[in-house]
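Subject: Handing over the two-chain model

Dear colleague,

I am passing on the structure we spoke about, and my notes on it follow below. Please read them with the coordinates open beside you.

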Amino acid sequence: MNVRSQISMVFHLDKCIGCHTCSIACKNIWTDRKGTEYMWWNNVETKPGTGFPTRWEDQDKYHGGWQAKDGKLELKSTSKAKTVFNIYHNPSMPTMDDYYEPWTYDYQHLFNAPEGPDQPTARPISMVTGELINIESGPNWDDDLGGSPIYAANDPNLKGLSAEQQAQLQAVERLVFFYFPRICNHCLNPGCVAACPSGALYKRGEDGIVLVDQTRCRGWRACVAACPYKKVFYNWSTGKSEKCILCFPRIETGQAPACFHSCVGRIRYLGVLLYDASRIEEMAGKPDEELVEAHRSLILDPNDPEVIAAARANGIHDSVIETAQKSPVYQFVKEWKIALPPHIEFRTMPMLFYVPPMSPVMSNRTDGKIEHVSEDLFHDIDEARVPMQFLANLFGAGHESKVRYALRKQKAVRWYRRALTVGDVTMETAERMLREADCTKEEAEAIYKLTSLCTFDDRFVIPPAHREEALQMLDGVFEHKQAAGFGFISGPQRGM
Amino acid sequence: MSAAANQLLLVVFPYVAMLIFFLGTIYRYRNAPFTYSSLSSQFLENQQHFWSLVPFHYGIVTVLAGHVVAFLLPRHILAWNSVPLRLYVLEISALIFGLLTLTGLIGSVIRRLTVPKIKIVTTSLDWHVFLLLLFQVVSGLYVAVFHPWGSSWFSAALSPYLWSLVKFSPDINFVAMLPIMVKLHIISAYTLIAMAPFTRLVHILVMPNPYLWRKPQVVRWYRRFVPGVS
């Protein structure tokens with residue numbers, strides 16, 4: 001057992017209202033520089049939809065992530081031999097067209113326009129070339145389905161859905177969508193790190209945050225291609241790759257990352273998970289249907305004396321172990337099993353988990369009459385307007401069982417609380433539902449509390465950074481703002 | 001060329017160029033490590049990038065490797081060339097790779113002139129590099145066509161000259177007689193070497209060889225002492 005600590009995350013999709021506050025918080029702090037305008041380290045997608053960059057989940061196009069050949073892992077986009085031949089031109093590299101060309105507006109014209117019969121307008125200007133452009137797409141062009149069925153129809157997660165199910169997704173006046181906020185997953189088996197020819201990308205040993213060493217990055221762009229979530233971005237101005245840093249300067253000072261802090265729906269949870277680093281490769285090579293369970297099995301019980309001893313032996317501070325014991329993420333992922341990794345079939349072992357959304361679960365019965373309590377208490381989960389297969393493609397590598405388990409438990413908790421507070425459901429029914437959903441009353445209460453009544457300190461259990469043990473001391477959080485990194489002070493200017 | 005010019009350009013200049021190269025790259029690596037990048041523009045334009053950058057790099061890497069081999073193993077090259085057929089094969093292959101380089105380079109220049117997004121990320125320094133490279137490649141091709149069998153006379157005449165420079169006992173008897181185009185080709189090569197530290201050419205120095213033998217995953221520890229982790 002090689003115990004390591006990882007700062008992990010849970011996003012509760014039922015609570016996401018799609019307001020994009022997280023994206024803006026992130027943009028204002030980190031990606032408002034030249035060359036980063038198009039980057040959204042945090043973005044919120046509408047599902048079904050094409051996402052950002054367009055159809056990023058389609059690995060036939062982008063070649064991101066790993067594939068297992070007889071249990072052996074290989075990157076889809078590159079290998080040692082391929083790096084030698086593809087270093088001049090990366091065949092899997094997306095271009096700006098797959099994202100969008102960032103723009104601003106000619107606001108000055110509103111003030112400077114000569115007097116005339118028309119209202120002056122502010123025309124869009126490219127932030128790359130500075131020329132006037134016609135806007136053809138944006139980072140969020142399919143927001144709330146984008147007013148057209150074509151975005152939803154092009155969602156790669158529709159794979160395996162029957163024509164009837166696809167039609168159901170788009171039925172007039174029965175359209176359905178939910179939000180899917182995304183940041184870097186800070187994976188256990190990151191494709192970006194494994195692909196980097198320069199060894200510039202690395203995972204921090206202490207907390208598992210994945211970073212790009214800006215001095216060592218040479219712009220070979222292999223990381224951009226290898227990340228299946230397309231969360232490493234190429235800065236076209238500096239010639240370096242950049243990615244979500246999980247606001248580590250904030251985390252090191254005990255603050256939640258900006259996107260977590262600003263989340264209006266309070267959907268985000270952050271906490272420590274202890275995991276067994278010696279089994280990552282083996283688990284990431286399991287067949288698709290076993291992946292969710294294999295991933296979960298890497299996460300260790302922080303209350304197990306054996307794990308605690310092994311963690312201590314590995315130099316993990318007692319205070320970090322203590323934080324792991326209070327981790328909300330551990331409860332969601334390991335105890336309750338209602339949070340699932342996104343696209344585990346990419347085999348990067350993402351450490352950001354999602355609670356699949358219940359809200360669109362409504363019967364699609366034609367009369368508009370929905371029978372809530374039938375003999376089969378969970379019938380509406382399988383008849384939901386978001387087909388189970390769709391959610392399974394997102395959170396279960398195409399297999400429904402884990403998603404169904406999470407949704408059943410969530411429904412049981414709701415009905416149990418309903419029996420308690422509203423009273424239109426009998427406690428007898430509620431208890432039966434809990435039993436069938438593999439949930440106790442205590443667990444239901446705990447889920448209810450952490451989902452509905454969670455305070456700041458419940459949601460974010462941040463480990464102390466132990467700066468006194470760090471190789472390099474950082475005095476102030478903003479000391480290196482707008483600088484290119486640590487250890488040297490030079491602005492992020494393009495090379496000669 | 002006069003004797004003085006020969007001395008200046010073929011003896012003094014190479015030493016100056018190498019000195020600038022070493023001091024310049026080291027200074028830049030230590031003081032502005034952030035600026036060491038391939039400055040790839042593939043993200044902004046993909047199609048022409050493939051058709052120009054791939055032939056250019058494959059061409060120039062092969063041709064450069066040929067120069068290095070002739071420099072290091074002149075006897076082997078001469079032995080190989082002792083059979084005419086083998087000489088023709090070598091010369092024609094070299095010419096093909098040279099033409100590949102030129103095609104790629106011209107494509108690259110056109111791309112940088114015509115694609116607006118690429119124009120934005122092209123500096124005037126880049127244009128100087130392009131001009132010099134163009135001259136280098138065109139003069140090289142001229143020499144290959146009009147002064148043929150270069151693989152043999154490089155091994156016989158230029159290799160000893162270059163070795164004499166390396167051994168700090170310059171001997172230009174071998175090169176002083178060579179045609180003007182060959183000399184210009186040599187001098188412009190020195191200019192490129194001298195310019196390299198101040199241009200994007202430094203990306204050649206950071207070719208990521210360690211990738212071939214490193215473990216896929218990289219973990220860095222910030223703690224001073226990590227028990228149990230080597």
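To begin with a detail that you can look up straight away: which residue in E14(A) is the bridge partner of A:His12? It is A:Val355, and the pairing to which this bridge belongs is described below together with its sheet. Please keep in mind throughout that this is a predicted model.

Chain A

Chain A contains 21 helices and 14 strands. Its C-alpha trace extends over about 75 × 70 × 45 Å when taken along the principal axes. For 496 residues a compact globule would be expected to have a radius of gyration near 23 Å, and the value of 24 Å for chain A therefore agrees with that expectation.

One of its sheets is open and has 4 strands, which follow the order E13-E12-E1-E14 in chain A with mixed pairing. At the edges of this sheet lie strand E13 (299-300) and strand E14 (352-355) of chain A, each of which pairs on one side only. Strand E1 of chain A, residues 3-12, runs parallel to E14(A) and is joined to it by 4 bridges; A:His12 and A:Val355 are the partners named at the start.

Chain B

The secondary structure of chain B amounts to 9 helices and 1 strand, and along the sequence the pattern reads α-α-α-α-α-α-α-α-α-β, so to speak with the strand at the end. Its C-alpha atoms occupy a box of roughly 65 × 45 × 40 Å along the principal axes.

Within this chain, helix H6 (residues 124-146) packs against helix H9 (residues 180-195) at an angle of about 150°, and the two axes are 9 Å apart. Because angles over 145 degrees count as roughly antiparallel, H6(B) is described as roughly antiparallel to H9(B). The crossing of H6(B) with H9(B) is left-handed. On the H6(B) side the contact includes B:Val129, B:Leu132, B:Phe135 and B:Tyr142, while the residues of H9(B) that take part include B:Met181, B:Leu184, B:His185 and B:Leu192. By residue class, the contact of H6(B) with H9(B) comprises 11 nonpolar and 6 polar residues, with no charged ones.

Where the chains meet

Between the two chains, 46 residues of chain B are in contact with 45 residues of chain A. On the side of chain B that touches chain A, helix H2 (47-72), helix H5 (116-120) and strand E1 (219-220) of chain B each contribute at least two residues, and H2(B) gives the most, with 5 residues. The residues on that side of chain B divide into 28 nonpolar, 12 polar and 6 charged.

The strand of chain B also takes part in a sheet with chain A: an open sheet of 3 strands has the order E9(A)-E8(A)-E1(B), with mixed pairing. Its edge strands are E9 (210-212) of chain A and E1 of chain B, and each of them pairs on one side only. Strand E8 of chain A, residues 201-204, runs parallel to E1(B) and is joined to it by 2 bridges, whereas E8(A) and E9(A) run antiparallel and are joined by 3 bridges. A:Lys203 is a good residue at which to follow both pairings, with B:Val219 as its bridge partner in E1(B) and A:Val210 opposite it in E9(A).

With best regards

Technical notes. Residues are numbered from 1 along each chain as its sequence is written. Chains are lettered from A and ligands numbered from 1 in the order in which they are written. This is a predicted model: local features need pLDDT of at least 70, side-chain atom pairs count only at pLDDT 80 or more; totals for chains, interfaces and linings use all residues. Two residues are in contact if their C-beta atoms, placed from the backbone, lie within 7 Å. Ala, Val, Leu, Ile, Met, Phe, Trp, Tyr, Cys and Pro count as nonpolar, Asp, Glu, Lys and Arg as charged, and the others, Gly among them, as polar. Two strands pair if DSSP finds at least two bridges between them. Axes are lines fitted to C-alpha atoms, for helices over the stretch in contact, and angles run from 0 to 180 degrees between N-to-C directions. Angles under 35 degrees count as roughly parallel, over 145 as roughly antiparallel, 65 to 115 as roughly perpendicular and the rest as oblique. A crossing is left-handed if the near helix is turned anticlockwise from the far one by less than a right angle, and right-handed if clockwise. The radius of gyration is taken over C-alpha atoms; the globule rule is 2.2 Å times the number of residues to the power 0.38.
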